[in-house]
Amino acid sequence: MIILLQLPGNPNVGKSTVFNSLTGLHQHTGNWPGKTVSNAMGITNFMDKDFLLVDIPGTYSIMSNSQEEEIARDYICFGNPDCTVVVVDSTCLERNLNLVYQILEITNKVVVCVNLLDEAKKKGIEIDLNKLSSELGVPVVGTIARKKKTLKNLMQNIYDVCSSNKNKKYFKIQYGDDIENSINILEKDVRDLLQNHEFNNYRWITLKLLEGNKKIISSIENYLDLKLLGNETIQNSLSKAKELLIKNDITSSSFKDKIVSTIMFHGETIALKVTSCKRLDYNYKNNKIDKILTSKLTGIPIMLLFFAMIFWITITGANYPSQMLSNSFNYIEAKLVYLFESFNSPNWLISMLIYGMYRTLGWVVAVMLPPMAIFFPLFTILEDLGYLPRIAFNLDGFFRKACTSGKQALTMCMGVTKLEFFIISLFVLHYLTDLPGFLQTTNIYYFISCKYYF
Ligand SMILES: Nc1nc2c(ncn2[C@@H]2O[C@H](COP(=O)(O)OP(=O)(O)OP(=O)(O)O)[C@@H](O)[C@H]2O)c(=O)[nH]1
Ligand SMILES: [Mg+2]
């Protein structure tokens, strides 16, 4: 039987790297958030058992309303895995614990994977993993996902959690008397409704009912095949519980705020307890560089300078290899024409195969390959330096005005090379239309290759 594992976590914490290291697959990884956009699946084997891993898009919370987070949320809440492996970034544990707590409230089969331990070490951050494990009540494993051998211990802990038959209690965060009293009113009826149901986390459903988020309630109803709002007993106790909340000055929006702030407070407290920072000078230096790269005064000019440099190197640097490739293709073309003529091939065949297909292919490769081969490695260097998220931050304000987010800037940067290709295409097409009739077939091939490229 195959064991189902999920890999949720904040964006850019190394989920796909863990996934790739374990499955041997090649999910897209990179040093900026939001790369994984759909669930990817892969199989790994450990101690003669097969594990099906699901790499989930990064999400900061499962309480928010954005569409991509809703998809991740539904998978985390209702994917019904044998174990949920929450990947967290050891360099900012406090922020990551927010999601860990939200997941611990839903499921009790959890392993926390504290990744990027090498980065934490560089920054002088030390995490007491045993202490964190006893605070959270679930196994906590430190990893460096790029080094496969560090994942063995992770797999061992996952194996143990999956093999255990113990019915562990769900993690309970205390939200204060005002909220807990309302939970008590509703919880009993939800528990009765869930009797004999496979999903037995009634406290979590009670919280979601009190929160009143219609989308999540309808997801619960659909995925768990339950009738919540249509159930009279639940409706009655829900009204009573809400009345009590209002008596305590808690509206539906302040209810969610209280839940979120309590979880964040827990995260902060535990992170402080288990983390120690030895190199304050590292963070000081880092913060200083960060300030220069992201401040209003210097951030944008530095970014423009970087872009200008990259595009200048790409465009001027590409000319030489382009010319060389073009000469080689021309040379081979002449030889091919000679070969075809020596076989007495008809003119239409030579036009179609050599002046049409071959020449187009040669142009596309000679024009496109060199800029790509220069641009992408340069972009990767910026990515590895961690500059891309700063670009996204700098441009977020502008992109928000166009109803999108700063992260879009990164895909747009890549699009610039496509724009360059489009402009070159226009020149090539303009030149081709001046050619005699039978050579116009080249246009068609060119159009087709452009279409595939875009
Ligand atoms: N130094 C170091 N880098 C790591 C480690 N794990 C992952 N990375 C790098 O961190 C970056 C992000 O990794 P991903 O696996 O793409 O992160 P993700 O969580 O899948 O990101 P999203 O899909 O955007 O949510 C990549 O550049 C990885 O090479 C690690 O343990 N140490
Ligand atoms: Mg990913």
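# Exercises on a predicted model

Ring pairs join Phe 307, Phe 311, Phe 375, Phe 376 and Phe 379 into a cluster. Keep in mind that this is a predicted model. Grab the structure above and let's work through it.

**Exercise 1. How many aromatic pairs does the structure hold, and is the pair of Phe 307 and Phe 311 stacked, tilted or edge-to-face?**

Step 1: Start with the count, which is 11 aromatic pairs.

Step 2: Now pick out Phe 307 and Phe 311, whose ring centres are 6.3 Å apart. Two rings pair if their centres lie within 6.5 Å, so these two make it.

Step 3: Next comes the angle. The planes of Phe 307 and Phe 311 are at 40°. Under 30 degrees would be stacked and over 60 would be edge-to-face, so this pair is tilted.

Step 4: Where do the two sit along the chain? Phe 307 and Phe 311 are four residues apart in helix α13 (residues 299–342), so about one helical turn separates them.

**Exercise 2. Sort Phe 307, Leu 388 and Cys 92 into buried, partly exposed or exposed.**

Step 1: You need the cut-offs: buried is under 20% relative accessible area, exposed is over 50%, and partly exposed is in between.

Step 2: Phe 307 has 14% relative accessibility, so Phe 307 is buried.

Step 3: Leu 388 comes out at 0%, so Leu 388 is buried too. You'll find Leu 388 in helix α15 (residues 387–401). The C-alpha of Leu 388 is 8.7 Å from that of Lys 407, 19 residues away along the chain.

Step 4: Cys 92 has 23%, so Cys 92 is partly exposed. Look for Cys 92 in the loop between β4 (83–89) and α3 (93–104). Cys 92 and Ile 125 are 33 residues apart in sequence, and their C-alpha atoms are 9.5 Å apart in space.

**Exercise 3. How do the axes of α7 and α8 cross, and which residues make the contact?**

Step 1: Find helix α7 (residues 177–193) and helix α8 (residues 202–211); their axes come within 9 Å and cross at roughly 120°.

Step 2: That angle makes α7 oblique to α8. The crossing is right-handed.

Step 3: On the α7 side, the contact is made by Glu 180, Ser 182, Ile 183, Leu 186, Glu 187, Val 190 and Arg 191. On the α8 side, Tyr 202, Arg 203, Ile 205, Thr 206, Leu 207, Leu 209 and Leu 210 take part.

Step 4: Sort these residues by class, and you get eight nonpolar, two polar and four charged.

**Exercise 4. Are α5 and α11 roughly parallel or roughly antiparallel?**

Step 1: The axes of helix α5 (residues 129–136) and helix α11 (residues 252–274) come within 9 Å, crossing at roughly 150°.

Step 2: Angles over 145 degrees count as roughly antiparallel, so α5 is roughly antiparallel to α11. This crossing is right-handed.

Step 3: Who meets whom? Lys 131, Leu 132 and Glu 135 of α5 meet Ile 270, Lys 273 and Val 274 of α11. By class, this contact has three nonpolar, no polar and three charged residues.

**Exercise 5. How many helices and strands does the protein chain have, and what percentage of the residues is buried?**

Step 1: Count the elements: 17 helices and eight strands.

Step 2: For the second part, buried residues make up 45% of the 454 residues in the protein chain.

Step 3: One extra for contacts: among those between residues at least 6 apart in sequence, 70% join residues at least 24 apart.

Methods:
Residues numbered from 1 in each chain as written. Chains lettered and ligands numbered in written order. Predicted model: local features only at pLDDT ≥ 70, side-chain atom pairs only at ≥ 80, totals over all residues. Heavy atoms only, no water. Axes fitted to C-alpha atoms, helices over the stretch in contact; angles between N-to-C directions. Helix = DSSP H or I, 4+ residues; strand = E, 2+ residues; numbered from the N terminus. Parallel < 35°, antiparallel > 145°, perpendicular 65-115°, else oblique. Left-handed = near helix turned anticlockwise from the far one by under 90°. Contact = heavy atoms within 4.5 Å. Nonpolar A, V, L, I, M, F, W, Y, C, P; charged D, E, K, R; others polar. Phe/Tyr/Trp six-rings, centres within 6.5 Å; stacked < 30°, edge-to-face > 60°. Buried < 20%, exposed > 50% of the residue type's maximum accessible area, 1.4 Å probe, protein only.
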